[in-house]
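Q: Please take a close look at one helix in this structure. Where does the helix sit, and what surrounds it?

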Amino acid sequence: MSSTRRLFIAAALGLGLGFASSAHAQGAAERFITVSSTTSTQDSGLFGHLLPLFKAKTGIDVRVVSQGTGQALDTGRRGDADVVFVHARAQELKFVEDGFGVERKAVMYNDFVLIGPKSDPAGIKGSADIAAALKAIAAKQAPFVSRGDRSGTHSAELALWKGADLDLEKIRGSWYREIGQGMGAALNTAGGMNGYVLSDRGTWLSFKNRGELDIVVEGDRRLFNQYGVMLVNPQKHPHVKAKDGQAFIDWLVGPEGQKAIADYKIEGKQLFFPNAAQPGA
Amino acid sequence: MTVPDAFREAAGLVVDLDPRFVGIVALSLRVTLTAVLAAAAIGLPLGALLGISRFPGRSAVIVFVNALMGLPPVVAGLMIFLLLSRSGPLGSWGMLFTPSAMIAAQTLLVLPIVIALTRQTVEDLWGEYREHLASIGLTGLRAVPTLLWDARFALATALLAGFGRASAEVGAVLIVGGNIAGYTRTMTTAIALETSKGDLALALGLGLVLVCLTLFVNAAAYGASRLGARYAG
């Protein structure tokens with residue numbers, strides 16, 4: 001009996017060591033960078049299209065952790081990522097100003113669309129005036145789903161309410177629902193409660209559970225959505241892989257990356273529009 | 001989305017054996033099984049020790065360990081995250097967003113289950129066989145291996161409970177692993193991701209595969225214990 005027992009313990013230990021060492025070896029052999037980015041770049045499938053092209057060219061594996069923009073910037077601030085790729089210009093510039101990022105570069109844009117139920121209780125379908133549409137939603141107290149997660153889309157939504165001269169703190173009621181989750185979850189929720197929701201176009205186009213949802217407002221200049229990319233400052237966090245991270249940024253804003261972004265389509269529709277060369281983007 | 005779609009997706013995943021899918025399943029199993037083994041290596045002796053020892057404050061320790069069985073996965077994840085972040089005390093290890101970090105978080109989740117159930121089992125056995133063990137010279141610490149061995153079938157169930165907790169959780173691995181495609185994406189984080197992408201059929205399909213895997217692991221453990229009882233018993 002005791003020899004069986006010893007065998008059993010030895011086997012268990014051996015198995016454990018095997019697992020642990022295989023995990024270790026795998027981690028050490030690869031050349032990789034960690035990128036913190038937004039749910040929109042991931043959920044829309046853009047990274048699935050870009051990263052294999054970048055890896056084929058440079059051999060660098062890109063590990064993407066997708067979070068809301070606010071959280072993605074925090075990940076960069078803590079030094080848990082080498083590159084941050086998000087969409088909230090003011091927050092990005094502050095990130096660089098505070099010394100956490102080296103330089104912000106514009107990459108691409110798409111636009112936000114207001115999604116709503118086909119029954120359209122606020123009567124705003126087909127409008128191209130986002131301020132008027134938000135006023136109508138607030139007046140009718142039609143259900144509205146907010147990301148509520150400090151993401152780029154959430155920041156944009158808050159700015160749009162402000163731009164429509166609506167004080168959210170005063171007018172909000174049970175019709176305004178903050179869910180604190182990603183874009184896809186917000187769309188699922190809006191579908192479930194027949195509510196309105198602000199979405200980036202990329203995630204909307206690739207979203208599969210549309211049900212009764214459709215675009216109700218689009219094409220307003222105020223719905224513009226710019227993406228930027230930054231290297232986490234190696235002076236703040238010495239372990240940052242500055243060379244490989246910079247290679248990724250240079251590729252993204254260079255001709256090959258920009259073309260790859262323009263080439264990404266779902267059902268024939270282009271999702272993101274490269275504009276790295278545009279001044280002031 | 002209909003339920004038959006989900007079954008079709010599940011069957012498709014299994015039949016196609018897409019390498020990405022196989023990678024996700026393999027990673028899930030590797031992380032969870034390693035965490036259970038680590039928790040067993042630490043928790044079985046600790047639990048047995050707690051079962052046979054008497055010291056001031058022992059009841060408090062037992063209540064504390066029992067309560068930790070209800071530790072929310074997201075809290076366990078957060079604790080490991082704060083430890084391993086580059087700005088945390090163990091940041092220089094560079095372990096955040098790796099499978100090792102996920103194993104650490106799941107070990108933390110499984111450990112209280114193993115300790116608490118081992119403690120109870122060993123304490124009961126100890127009450128029954130204490131004098132017998134003492135008569136063959138096994139007192140105190142020296143009785144621990146024998147007690148653990150005699151309780152092995154009950155302890156196997158404790159480990160399976162730990163396996164169930166680890167394989168089903170999403171909160172901890174999502175926070176410390178980051179759900180990185182092809183690197184730290186597990187069955188549960190993939191299910192959460194596909195749900196958020198609105199691909200409910202694929203999400204439920206993955207869920208079905210996960211349930212089948214759990215069934216398979218439990219069946220294997222049950223079979224092994226039956227075999228063990230017959231030959232080694």
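A: What follows looks at one helix of chain B, starting with the chain around that helix.

The model is predicted. Chain B has 10 helices and zero strands. Read along the sequence, its pattern is α-α-α-α-α-α-α-α-α-α. The C-alpha trace of chain B spans about 65 × 50 × 25 Å along its principal axes. Chain B has 233 residues, and 45% of them count as buried. Now take contacts in chain B between residues at least 6 apart in sequence: 79% of these join residues at least 24 apart.

Now the helix itself. Helix α9 of chain B runs over residues 187-196. This helix is mostly covered, with nine of its 10 residues buried. The list begins with B:M187, B:T188 and B:T189. B:A190, B:I191 and B:A192 are buried too. B:L193, B:E194 and B:S196 complete the list. What does "buried" mean here? A residue is buried if 20 or more other C-beta atoms lie within 10 Å of its own.

Next, the neighbours. The buried residues of α9(B) pack against helices of both chains. From chain A come α2 (39-43) and α9 (183-193). From chain B come α2 (19-52), α8 (171-177) and α10 (200-231).

Last, the end of the helix. Just after α9(B) comes B:G198, which takes a positive phi of about 80°.

So the picture is this: α9(B) is mostly covered, and its buried residues pack against parts of chain A and chain B.

Methods: Residues numbered from 1 in each chain as written. Chains lettered and ligands numbered in written order. Predicted model: local features only at pLDDT ≥ 70, side-chain atom pairs only at ≥ 80, totals over all residues. Buried ≥ 20, exposed ≤ 12 C-beta atoms within 10 Å, placed from the backbone. Helix = DSSP H or I, 4+ residues; strand = E, 2+ residues; numbered from the N terminus. Contact = placed C-beta atoms within 7 Å.
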